[in-house]
Each structure stands twice: as C-alpha cells, then as structure tokens.
Amino acid sequence: MNNILPQPEIKTDFERQSVHSEHVKPLLLMRVHLVKKALSKVLFDTSNFQICSCHLDQEREHTPTELLDMRCPSCGKCFKNDKDELAFNKDMVIYNDMDMDVDVDVDMDAGIDVYEDEHAGVEAGYEEEVYDGAAKTYGIGTTFMKTFNSDEYAAERMDNPYFPFTSKPDWEMAAFLLRSELSMTDIDKYLHLEFTRKLPLSFRSSRELRGHAEMLPSPPQWKYQTVLTEFLTTKTLRVFYQDAIECLQSLLSHPLLVDSFDFIPQKVYESAECAVHIYYGFMTGDHAWELQERLPDGATLLGVVLSSDKTKPLKQAARLGVMMSNPAGFSRYCFMPLVTYVVDTSEELAIACITMNASPVTMATRVNFRDSTRHPLRKELSTLANIRAVANFVLPSELTAFFEECKQYFLNCVLTPFWLDWPTADPSSFLTPELLHHLHKMFWDHDLRWCIKVVGVKEIDFCFALLQMCIGYRAFKEGISDLKQTSGRDHRNVQCYIIGIIANTAPVKFITAIWALVEFRYLAQAPWFTNEKLIELDGSLRLFHRHKQSVIDASARQGKNGGIKPWAIPKLELLQGVVPSICSHGAIMQWSADPTEHAHITVVKQPARAGNNHNHDTQVCRYLDRHDKVD
C-alpha cells in the first residue's frame, strides 16, 4: 500500500508542477496537450479574483510568427497559415481528449516534434474509468501567443525580449525594485547613489521605472466598484477585484500550464476489480462526475474555488457556458460551477445564511455538536424554503419581529444569498473542510487549552522551553501559554510535540482523546486516500468520541464559575464532514485558506501602504497591476 501513486505524481492541486518542463522553452515552445491525464491537477483559485499566472518574464530568443503545415493528430486535417491567422478546415470533426494517445510539442521555429508521453495514463497496475464524451474541443480559438503578439509593443520585443528594458540585468533590477515595498522616495534615493548612477539602467527615477512597468504585457486588470447601501456608513465601501472569466482564460490558455489541467472526470481504482477506490484531486471525486452529468455532451467542467462573493460573471458561465481556448488554441465549451468556497467557520455561517447556533452544512444545532454521527445535510432548498416562510410571515422591514422569527429557523436574516441563482451551488456541498481553520485553529483554541488545564501552565511552558527544536521548527523559549500573535505554522509545530509533552502527566484516557484528534488531523492532510485510509481516518475521530468524557473527567472543560462547559464546538461537528468531502471532492489539503490569508498582506495591506492618499482607489489598482506584470 505504501507504493500506491508515488509522491512525485500526487502533488496537490496547488503544488503541481509540469512533469515535462524540460521540454518547454519559454515563449518558444508551445505544447499541444492532446492526451488524457491520470491525475487531477489544478483547479482555479479565484480568491478575491487574484489568480497567480506567469506574466511573460521568461528569457527567449525569438518571437514565433508562423505555423507551417500543422496537422491535427486526431483527424489529420491541415491548418493553413494566412497572414498570421490560422484558418481551420471547416469540415473538421469535433474530437475528444480521451481519444488521443500522443502529446505533440510544437516548436514554432522548427516544425513539429511528436514523442510518446511516458506519463500518460494511470500508474501501471491501476484501473481508470473516465467520463465518456466530456471535454471535447471545437475548432480554433485565440491562442496565447496571438494575444501576446497583439500587444502594441510586440514589434519591439522581437528585437529585444526585455523591452521596454534594455537588457536582462536592467530588467532584473527593475523587477527587484518593483517587487520591493520601497516608496517612490526611497527608490529615487537609491537610484541617485553614485554607485547606482554608474549602472547602465534605462530608468533614473521611480517615475520612469513605473512608466516602463506600464508598457509590459498586461494581465487581467484590477478594478474597483463602489458599493451603494440603503443606510449611511462612516466610509464609502469599495470592492477591488479582477474579472474572473479573464483570469480563468489567462490560466487556461497559458502554454507553460499545459500540464496543470485535467478536464475529464475519472474514477481511479487500485486494481482491475475496481474494489478499492483512490481519491486525490477534485476530478477523481464523485462530485465532479455528478456535475459532468448535468452538462451538455462535450462540455468542459472547470470547477471554481472562491474566497469572494463578486460572482456575477461566473454565474452566467455556470448557467450558459462560455467558449474558452486551451494552450493549443482549441476552443472548449466551458461551464464553471462553484465546487468549493474557502473560508473560516464564521464566514461559512454567513454564506449559508445560518446563525452560530447551527451547523452551516448539516441540520445539527448547538446541542448536537457533540454527537459522534453526522446529521442530514442542510440542503439549499430547505434553507431557501425557510427564508421564504419567514418573509411571508413577517415583513423584513419590521426588523425586530423579522429577526426574532429568523431565530426560530436558525437563519441569520439574509434574504437573497449570492448562491441563490448559481446553478448546482449548494452550501452543504461547496463549503468543504478547510485545514487552517477547521483543523489547526481548532487544536489551538480547544485541544491545547484542555492540555494546559490538565498539565498546568508552568509545567507545560517549562517543557516547551526545554525542547531541543529541529531545524525548521519554532523554538518556544518562553513557553506557549501567553502567545498572542500565532500563525498556522505555530499551530502545526505545537501539535508535533503536544503528546510527548503531556505523556506521564495527564490521565491515560485524556491522552488517548488528544492523540486521536492529532492523529485525525495528521491523516486528513494526506494527498491521496484509499478506502482503507478513509476507514482509518474515520476510526481516529470515533476513538476521540469514545474517550471525550475523559476531557470532562480531567476538569479540562470548566467554565468561569466552575461548571462544565457543553460540547458546543462548531468545528468539532464539522470534522464529521471530512471523510464525505474526500469522497466527493478529493483530498482536503487542496482547500486551504493559507493562500487567501496571505493575500490579505499582498493584495490589501501592501497596496494600501504604498499609496500617497491621493486617488487612493486608482493607485491601489495600478499598484496591483504593476505587481502582476512583474510576477
């Protein structure tokens, strides 16, 4: 069992790298991907509509200008080159990625090089069932290189790939300064140093530097919109965002990301008997198969991961579909259902329109959070029916009465949730377990507090201060009880040592309960799962529930007045959804809030500090645009 799906082939959707990078020369070699892939790869992270992509800063020698005598490897039809426009033979049939058995590398200057893909298909000995009729292509769309060459400075870049900069060192200096948090004044001071003035730079001031940056190829632009409210607010509300469809197309058409997508739902089994199911990426889960069944024949499923609710373009694409181009330039009929929403527990409640006394994904309420079995799902139809019932009984304008009536149904008084008109969107499905808040933050807020209660503050601080930390781990020289500003990494580090710290100090059954939760969190972070691993994961949670009384017996859950606290822990109830989520959506380590939490720094705090308080909103957008161009 240990050699199932070797680690290099099972990286998570956010860590996946091209297995054929050695075949790709930036901006020279565009890879035409025509083969089914064994592993489900990247989903689209449109958190705050910031989507990471490559923005043409790779070194290159020439710009490709023509494609000669290209043939489709499926049907043999010819592409004809006519003034840099590719005209596809009109009688070309639609073909399906699953029918292909070769990868084609197209070197723009050297013709066609066909080679066998040793990574195609699942690992030897494993059985794969793919969804027949999914992800067909429909003729020629807009290629990445055509969009790149339509830039007004494309002619200059044919002679100088670093234009508007004069050389690679000139570009590297500019990129360093633009990525730094230096103000324009600080950059000017640096550029006016005697040493710096001797360097052959194409810019001599921060204003010139930013002017050069504006001439770089433009990714999807940042925009802002003022939010109008019925009631007065102390400050004007504005939302900063990128167009989600433009971001998805930018990713989907990029030739360097050709190995980062899987368009076809699949079921992978350990053997030909199909007795042991293997789950890893989203496309191997049951939900992808179900969504594909709802789409037209030949449609491409592009699951969307969100951390923002500015979703109008995506709703239209989920309902009607939109034609988008892949890295080879072939058009796909794409639908974009919402597959997961990465947020913390309080935001989940707001999205599901539920109060804090109930679960956002199941029918469990506060008194049921301690239960060892999962309650029925809180389906969107049930929530919408309750909202309509309250609105018909009490007018929303009668605030006090309306709020009181909503409490009877555990509603938070939201009348029109954003997912109301999003096809297939159901909070009980897209609100998936999230590692940072549901697992690691729960340990810090609850498990650790229980251990401190049982072992004692001085003892646990003393033990952590004595630990000889390994490289890469934080040293807690002053202990952990008084830590205020902690990160997810701190939570993970403490989990690594907590069982050894409380051993021989706390009661055995108490240690068993804590160990069961730590083991559950450890197993839940696996990049792939079989049926046996899921049983082991579920067994760890059941073991905790069998021993959770020991936490109360050890006086670890006492209130301020000495009474016993109830098990009203929402995150504890949400742990019941980890195993079902793996079966439906794949490994949960795909859905981490770490990128979006970090975006609070790179997309919010840094742009806000970089401005001079004049035309603040416009300056924020231009700052983000410059950084996207450089990155």
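In which strand is valine 227 found? Valine 227 belongs to strand E10, residues 222-227, where a strand is a DSSP run (E) of at least two residues and a helix one (H or I) of at least four, both numbered from the N terminus. This is a predicted model, in which local features need pLDDT of at least 70 and side-chain atom pairs count only at pLDDT 80 or more, while totals for chains, interfaces and linings use all residues. Residues are numbered from 1 along each chain as its sequence is written, and side-chain values use heavy atoms, with hydrogens and water left out.

**Confidence**
- The protein chain averages a pLDDT of 79, and 80% of the residues score at least 70; pLDDT is the predictor's confidence in each residue, from 0 to 100.
- Across residues 1-122 the pLDDT is below 50, and this stretch has 310 contacts in the model beyond near neighbours in sequence, a contact being heavy atoms within 4.5 Å.

**Nonpolar cores**
- The largest nonpolar core (buried Ala, Val, Leu, Ile, Met, Phe, Trp, Tyr and Cys residues joined through side-chain atoms within 4.5 Å; buried means under 20% relative accessible area, with a 1.4 Å probe and protein chains only) has 66 residues, and among those touching the most other members are Trp450, Phe464 and Leu537.
- Helix H14 (435-455) is one of the elements that give two or more residues to this core, and H14 gives the most, with 11 residues.
- Leaving aside neighbours within four places in sequence, leucine 537 is in contact with residues including Phe520, Phe529 and Ile582.

Definitions and conventions: Buried < 20%, exposed > 50% of the residue type's maximum accessible area, 1.4 Å probe, protein only.
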